[in-house]
Amino acid sequence: MVADEAYRQVGEQAWAWVLGHVRDDGGPWLPVSVEAGWEASGPADDRDSLYAGIAGLAPVLAEIAQTRRLTDAEHDLGRRIVDRLTAMAPTRTEASLYDGLAGDLTALWMLAPAAAAIPLRRLEQLRTVDGWVTTLDQGRPAARCFSDLVKGTAGVVLAAVWAGGAAGRGIALAGCDALVRAAETTESGLDWGSSPGDESRGPNYSHGTAGIASSLAVAGAAFGRPDLVHAAALGAQHLLAIGSADDGGFVVPHTIPPSRREVESVTYTWCHGPAGTAHLFAALCHAGVDTLDGSGTAELRQRCLSSILASGVPRRLRPGFWDNDGRCCGTAGVGDVLLDAAQDAPDAATAARLLTAARLMGDALVERAIRDDTGVFWRFIEHRQDPPLLPPGTSWMQGAAGIAAFLLRLSRVLDDGMDAPVVDRPDQWWAVPAELRTSGDPRAPMRRLLGDTGS
């Protein structure tokens, strides 16, 4: 196990590397990955997104502000992010959490809450009876609405619930009604594809039933809609029917039917594995659902985590097993889920076990960090290509920014204990104790960043 201070040191060095690649062209932008000629290529289409763009720097700034005073350069970056997002939101047509307005809402609520009204208004303008028409569905002749958490209505619902207020309530409930209409009845419950009619299903958190049911559970709890909570429970029952509870764990297949692209039929990530799917059982606990088919929802959350701990993660046991260290698909995302669960643990022994597991993820990140005179970064592996080593990424979900935030949080929890504040986000806030969340606290450091204390 590496020294406690190493997590903070590597996190700060990784953040310095990210900052060294911020450029300006109509506002701040980052390269998705750092390759030869990246500056000449200019900003990508998703330059503003939470997934790969500047909105994803907001949660990193919020995490840093929990540990130390922001530098003048970091203050300036925060202001420029707000300026860019508020200028673009009124004409944005993509609504999603990780590539659109719901992501703008997330970043602005962290940095300048009053400005969050702008993407909320735009989301209301773009709403249809089926949710929000995506701009990400390339190659299909007809416009359609995704249902899932990353690209679709479920993510918009989660952001709206998290932001709250009358506008958030209206957007969230309209989205929930669309999701209920999009559900497909199975022998055991309810199921959703990424969009209605999809034959292939990714049933876990990012693109399928686990994430969609989570959004219904938290919205139902927030707005007193037991029908939505019931629909969420039916989604969970479907996952119990198609998943495996062997050896004291719980996992759901990566893809149904199995994809020929995927080497592993089960993965352990936030996006397609039990790390993310654990959030569904936490959401049902939050909504007052104690049992499902005779199993406790709190127990099912722990079973998901047990599967991760027994899997061998974060070791690279074989090609294709664990080739990514980011938040979406890899080590940092698993580590953050483990920290959430540790801080929300029912007893000290469970908290200690989960914290040890989170440190295991942190150790792997420190050991795999690549250092040069610009800072620290990571290179993931795509074993199906030659050469397999990918260029280093900068972003929240697939790069150094998101990894830095996890390492800084891990260091802070080790220093301050299990009651350390949590910089919560729309897709996990119910997984940590209410009194630890920073999003609802107008005194939180980032609320003071731009002199803005209310929405």
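How do H8 and H9 lie to each other? They are oblique to each other, a word used for angles left over once those under 35 degrees are called roughly parallel, those over 145 roughly antiparallel and those from 65 to 115 roughly perpendicular. The model is predicted, so local features need pLDDT of at least 70 and side-chain atom pairs count only at pLDDT 80 or more, while totals for chains, interfaces and linings use all residues. Residues are numbered from 1 along each chain as its sequence is written, and side-chain values use heavy atoms, with hydrogens and water left out.

**Two helix pairs**

Let us begin with helix H8 (residues 165–182) and helix H9 (residues 209–223), which pack at an angle of about 135° with their axes 10 Å apart. Helices (H or I, at least four residues) and strands (E, at least two) are DSSP runs, numbered from the N terminus. Axes are lines fitted to C-alpha atoms, for helices over the stretch in contact, and angles run from 0 to 180 degrees between N-to-C directions. The contact (heavy atoms within 4.5 Å) involves Arg-169, Ala-172, Leu-173, Cys-176, Leu-179 and Val-180 on the H8 side, and Ile-212, Ser-215, Leu-216, Ala-219 and Phe-223 on the H9 side. By class, this contact of H8 with H9 has nine nonpolar, one polar and one charged residues. Here Ala, Val, Leu, Ile, Met, Phe, Trp, Tyr, Cys and Pro count as nonpolar, Asp, Glu, Lys and Arg as charged, and the others, Gly among them, as polar.

The second pair is H11 and H12, whose axes come within 8 Å and cross at roughly 170°. That makes H11 roughly antiparallel to H12. Among the residues in contact are Phe-281 and Leu-284 of H11, and Leu-305 and Ile-308 of H12. By class, the contact of H11 with H12 has 12 nonpolar, three polar and one charged residues.

**Cysteines**

How many disulfides are there? The count comes to zero, where a disulfide is a pair of cysteine sulfur atoms within 2.5 Å. The sulfur of Cys-271 is 3.8 Å from the closest cysteine sulfur, in Cys-329, too far for a bond. For Cys-145 the closest cysteine sulfur is in Cys-176, at 15 Å, which is also too far for a bond. Cys-176 belongs to the H8 side of the contact with H9. Cys-145 is buried, with a relative accessible area of 12%, and Cys-271 is buried too, at 5%. Buried means under 20% relative accessible area, exposed over 50%, and partly exposed in between (1.4 Å probe, protein chains only).

**Backbone features in loops**

Most residues other than glycine have a negative phi, and most peptide bonds are trans. Here are some places to look at with that in mind.

| Place | Feature | Value |
|---|---|---|
| Val-313 and Pro-314 | cis peptide bond | omega about 10° |
| Asp-386 to Pro-387 | cis peptide bond | omega near 0° |
| Asp-247 | positive phi | about 55° |
| Asp-293 | positive phi | about 50° |

Where do these residues sit? Pro-314 lies in the loop between helix H12 (297–311) and helix H13 (331–343). Pro-387 is found in the loop between strand S8 (375–377) and helix H15 (400–416). Asp-247 is in the loop between helix H10 (226–242) and helix H11 (274–286), and is exposed, with a relative accessible area of 83%. Asp-293 has its place in the loop between strand S5 (291–292) and strand S6 (295–296). At 59% relative accessibility, Asp-293 also counts as exposed.
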